[in-house]
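Here is a short briefing on one protein chain. Please look over the sequence and the structure first, then read the points by topic.

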Amino acid sequence: MEKRFIYVGTFDCDTFLGSYGIHAFEMDCQTGALTKIEIQNPGYNPDYLVTDTDKKFLFASNDRQTRADVCAYQISSTGKLFLVSKLQLPGAGMASLEISRDGRFLVAPYYETSAVGSCSVNGNGKLLKVVQQISLQGHGITERQTKAHPHQVLFDWEGKHVLVPDLGSDRVWSFSYDENSGRLTLGSSLAFIPGSGPRHIAFHPNNRWAYVITELKNTIHCCQFNSKTGELTEVQCVKLLPEDFMGECIAAEIGCSPDGDYLFATTRGYYTSEGYDRIFTLKINPDDGTVNIVRDGPTWGVCPRMFK
């Protein structure tokens, strides 16, 4: 039976200075049980992890408020990680990380320094050099939105565009991607409700629909996606919280099932034990991509920040 490995990043939200490492597990595909393999400690806050298409290499963003580093690891046949290289990038607060389909370039958002950028990678997983950095402009209406805060980068399924939810400016930016140079070119942006704070985006497998979750308003926005131009058009807004909700809550993650039938989303208290920590299941209409909530329940943990 083929082995399946699970890698869990960690995040020191109190000081941004500690490190709890990357936790490697082997998963029993019959029962879902996890067996710990090792803990790799690459430095500061390895909170966002991504693998190349062939799953030979794992890349970790080291999220700090004052700088941004990315580490590259080779994945062994036993699931253990071996450090290949490390590169400091010209930004701070690297909130996520994505790799191109051909594995030649990494793209990242810098939350603290209001920018997105890319760097090159060779066939052995070695991080080579910074290719580009683009500054983003804008702000919102809340105290967390004094400037642009890009929170995620995501390639569309064809690998021709990169979408960037910007919590600070209440926009999702759309860039075209040059697969030869690894450079981005701004094409368009979609504005959202003032003070909503777009956090993450997920694509439907058909590459025609995209779903944006807003951290500050706890809403999901269903959008049509033009794969030729990279343009988004909003068609629906769904509120995750009950109308009478008065507690503390900010939305976190969003993802689409591989078959395209369901969308999943989480809400959370902001690192407290009394937050509205829930995971929502939404049914996707196969005709137009709109969604409706069919189930929500507890996550049996505190602050469901990410999921896969």
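Seven bridges join strand E22 (residues 278-284) to E23, and the two run antiparallel. The model is predicted. The protein chain has 23 strands and zero helices.

**The four-stranded sheet**
- Strands E20-E21-E22-E23, in that order, form an open sheet with antiparallel pairing.
- Strand E20 (250-256) and strand E23 (291-298) stand at the edges. Each has a single partner strand, so one side of each is left without a neighbour in the sheet.
- On average, neighbouring strands of this sheet are turned by 20° against each other, direction ignored.
- Across the E22 and E23 pairing, Phe 280 stands opposite Asp 296 in E23.

**Overall dimensions and surface**
- The radius of gyration of the protein chain is 19 Å, close to the 19 Å that the globule rule gives for 308 residues. The chain is therefore as compact as a globular protein of that length.
- The C-alpha trace spans about 50 × 45 × 40 Å along its principal axes.
- Of the 308 residues, 53% count as buried.
- The protein chain exposes about 14400 Å², and carbon and sulfur atoms supply 50% of that area.
- Take the contacts between residues at least 6 apart in sequence: 45% of them join residues at least 24 apart.

**Nonpolar cores**
- In soluble globular proteins, nonpolar side chains tend to be buried together.
- The largest nonpolar core here has 19 residues. Those with the most contacts inside it are Phe 59, Val 70, Leu 89, Met 94, Leu 97, Leu 106 and Leu 127.
- Six elements are listed as giving two or more residues to this core: strands E4 (46-51), E5 (57-63), E6 (68-75), E7 (81-89), E9 (105-110) and E10 (115-121).
- Leu 89 touches Ala 68, Val 70, Met 94, Tyr 110, Cys 119 and Val 130, not counting residues up to four places away in sequence.
- A second, separate core has 16 residues, including Tyr 211, Cys 222, Ala 251 and Ile 284.

**Asn 218, a loop residue**
- Asn 218 lies in the loop between strand E17 (209-214) and strand E18 (219-225).
- Is Asn 218 buried or exposed? Its relative accessibility is 3%, so Asn 218 counts as buried, the cut-off being under 20%.
- Leaving out residues up to four places away in sequence, Asn 218 touches Val 238, Lys 239, Leu 240, Leu 241, Cys 249, Ile 250, Ala 251 and Thr 267.
- Ala 251 is thus a contact of Asn 218 and a member of the second core.

Key. Residues numbered from 1 in each chain as written. Predicted model: local features only at pLDDT ≥ 70, side-chain atom pairs only at ≥ 80, totals over all residues. Heavy atoms only, no water. Pairing = 2+ DSSP bridges. Axes fitted to C-alpha atoms, helices over the stretch in contact; angles between N-to-C directions. Core = buried A, V, L, I, M, F, W, Y, C linked by side-chain atoms within 4.5 Å. Buried < 20%, exposed > 50% of the residue type's maximum accessible area, 1.4 Å probe, protein only. Contact = heavy atoms within 4.5 Å. Rg over C-alpha atoms; globule rule 2.2 N^0.38 Å. Areas by Shrake-Rupley, 256 points an atom, 1.4 Å probe, with all protein chains shown as cover.
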